[in-house]
Amino acid sequence: MPQFESHFFSSLIFWEIVSFGILLFILYKYAFPGILSVLEEREKKIKDSLEQAEHHRSDAERRLKEYEAKLSAAGKEAEAILAAAKERAQRLLDENEQRLTAEAERIKGDATREIEQERRKAVQDIRSQTTELALMVAEKVVQRSLTEADQRKFADEALEALSKSYQR
Amino acid sequence: MEESPLHQFELENWIPISIGGLDISINKAVIFMWVVVTVAAVLMIMAGSSRKLVPGKLQSLAEMMVDFIRSMILDTMGKEGMRFFPLIATLFLFILFSNLIGLIPGSYTVTSQIIVTAVFSFVVYGISVVLGFMLHGAKFLGILVPPGTPGWLVPLMIPIEIISQVARPVSLAVRLFANMTAGHVMLAVLFSLTIGGGLLIGWLPFAFTVAIYGLEFGIAFIQAYIFSILTCVYLGDAFHLHGHDEHAH
């Protein structure tokens, strides 16, 4: 095999050691520190990011709970306000209704009373005017033949008849 | 016209150089070592210079490789193994780019030279032995006696373990060399069959060539990975003798 020709060994050994030494020096000096530091930096960065993410997550969870609590409190408050408003509106409505009913009742009563009064007065007026009118008529018709008593009697009868017809 | 499938591994001195009797002539393999060094260095520097938090394609690729090697070291050696990160990562990249660039037709696979892989493996093994004696002193010889060995077996175990220790660098070197050589020989054989077979039957070995080429691409990665993880394991053995440091019983 050509690989066992020993007269190439010396140059191969020499140049191998020189080449390897140069490569080792170059990589040791210029390549490995950079790459290793980047690797370590990235490892650290990933670790930090994970920690930060975990921190943010717990923070967000805490905040969410807070907001949920606040939200439910606000909901309860709104419900209470709504209920109070409803109650108040109902009360106002009831009050108004009562007041209006009473007012209407009062107006109706007043009107009834007034009408009654007017009616009585009218009846009174009519009665007195009719009496006078009847008397006047009777006087003219039976002025000479009738006594005072007869006159009164006729007048009353006439009045009776009149008031009956009127009342009907 | 028929050329040997091993012809591709032959070298010839293009520029003869000699320093004090040591022949360091430039040949094709040396040129491709330089190509490997240049490509690896340029790619990694380009990838390393864009230090974006959200990486681009090249940066992600380089970071993937670096992260891959880093986790390999952390898994086998632990935190203190990161001292060897530059060595192991450079080894991985050198072998990977050698294997990959060797797949370009007309190029040369540096790692198909047994001497190249042997230098890597013996250097790595030497470092692990030196490190072991530096950290544990003479107790590092205890690596020859696996924990839990009964006393009467010790005289037998020590020669066996010596063999297994010697086998480490040898197998490390031969594995990479043999894989690369075998792959390229297979491709050369299949391709010469394609040419020889003509249009009528040549398509069959050609289809195999394509399939094996894809396989070789995977092997390029796998062998680079195996070489570096075994390096990690051997160095890890030196760090944690029998795993005593981690779980002392």
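**View 1. Where chain B meets chain A: 39 residues of chain B touch 33 residues of chain A.** This is a predicted model, so read every panel with that in mind. On the chain B side, the elements that give two or more residues to the contact are β2 (22-23), α1 (28-49), α2 (57-76), α3 (85-102) and α4 (114-136). The largest share comes from α1(B), with 12 residues. Sort the chain B side by class and you get 26 nonpolar, eight polar and five charged residues.

**View 2. Chain A, with two helices and zero strands.** Take a look at how this chain is stretched out: its C-alpha atoms fill a box of roughly 195 × 30 × 25 Å along the principal axes. The radius of gyration tells a matching story, with 63 Å for chain A, where a compact globule of 168 residues would have one near 15 Å. Buried residues make up 8% of the 168 residues here.

**View 3. Chain B, with five helices and two strands.** Start at the N terminus and the elements run β-β-α-α-α-α-α. The C-alpha trace spans about 70 × 50 × 45 Å along its principal axes, and buried residues make up 33% of the 249 residues in this chain. As for how the chain folds back on itself, take the contacts between residues at least 6 apart in sequence: 63% of them join residues at least 24 apart.

**View 4. α2(B) against α3(B), packed at an angle of about 125 degrees.** The axes of α2(B) and α3(B) sit 10 Å apart. At that angle the two helices are therefore oblique to each other, and their crossing is right-handed. From α2(B), look for V66(B), I69(B), R70(B) and I73(B), which meet F85(B), I88(B), A89(B) and F92(B) of α3(B). By class, this contact has seven nonpolar, no polar and one charged residues.

**View 5. α2(B) again, this time against helix α5 (residues 154-239) of chain B.** Here the angle is about 30 degrees and the axes are 9 Å apart. That angle is under 35 degrees, so α2(B) and α5(B) count as roughly parallel to each other. The crossing of α2(B) and α5(B) is right-handed. On the α2(B) side the contact is made by I69(B), M72(B), I73(B) and T76(B), and on the α5(B) side by S228(B), I229(B), C232(B), V233(B) and G236(B). The class tally for this contact is six nonpolar, three polar and no charged residues. You may recognise I69(B) and I73(B) from the view before, where they meet residues of α3(B).

**View 6. α4(B) alongside α5(B), with axes that come within 6 Å.** These two helices cross at roughly 15 degrees, and they are therefore roughly parallel to each other. α4(B) passes α5(B) in a left-handed crossing. There's a long list of residues to find on the α4(B) side, including I114(B), A118(B), F122(B), Y125(B), L131(B) and L135(B). Among their counterparts in α5(B) are R168(B), P169(B), L172(B), L176(B) and F177(B), along with T231(B), Y234(B), L235(B) and F239(B). Split by class, the residues of this contact come out as 17 nonpolar, five polar and two charged.

Technical notes:
Residues are numbered from 1 along each chain as its sequence is written. Chains are lettered from A and ligands numbered from 1 in the order in which they are written. This is a predicted model: local features need pLDDT of at least 70, side-chain atom pairs count only at pLDDT 80 or more; totals for chains, interfaces and linings use all residues. Helices (H or I, at least four residues) and strands (E, at least two) are DSSP runs, numbered from the N terminus. The radius of gyration is taken over C-alpha atoms; the globule rule is 2.2 Å times the number of residues to the power 0.38. A residue is buried if 20 or more other C-beta atoms lie within 10 Å of its own, exposed if 12 or fewer, and partly exposed in between; C-beta atoms are placed from the backbone. Two residues are in contact if their C-beta atoms, placed from the backbone, lie within 7 Å. Ala, Val, Leu, Ile, Met, Phe, Trp, Tyr, Cys and Pro count as nonpolar, Asp, Glu, Lys and Arg as charged, and the others, Gly among them, as polar. Axes are lines fitted to C-alpha atoms, for helices over the stretch in contact, and angles run from 0 to 180 degrees between N-to-C directions. Angles under 35 degrees count as roughly parallel, over 145 as roughly antiparallel, 65 to 115 as roughly perpendicular and the rest as oblique. A crossing is left-handed if the near helix is turned anticlockwise from the far one by less than a right angle, and right-handed if clockwise.
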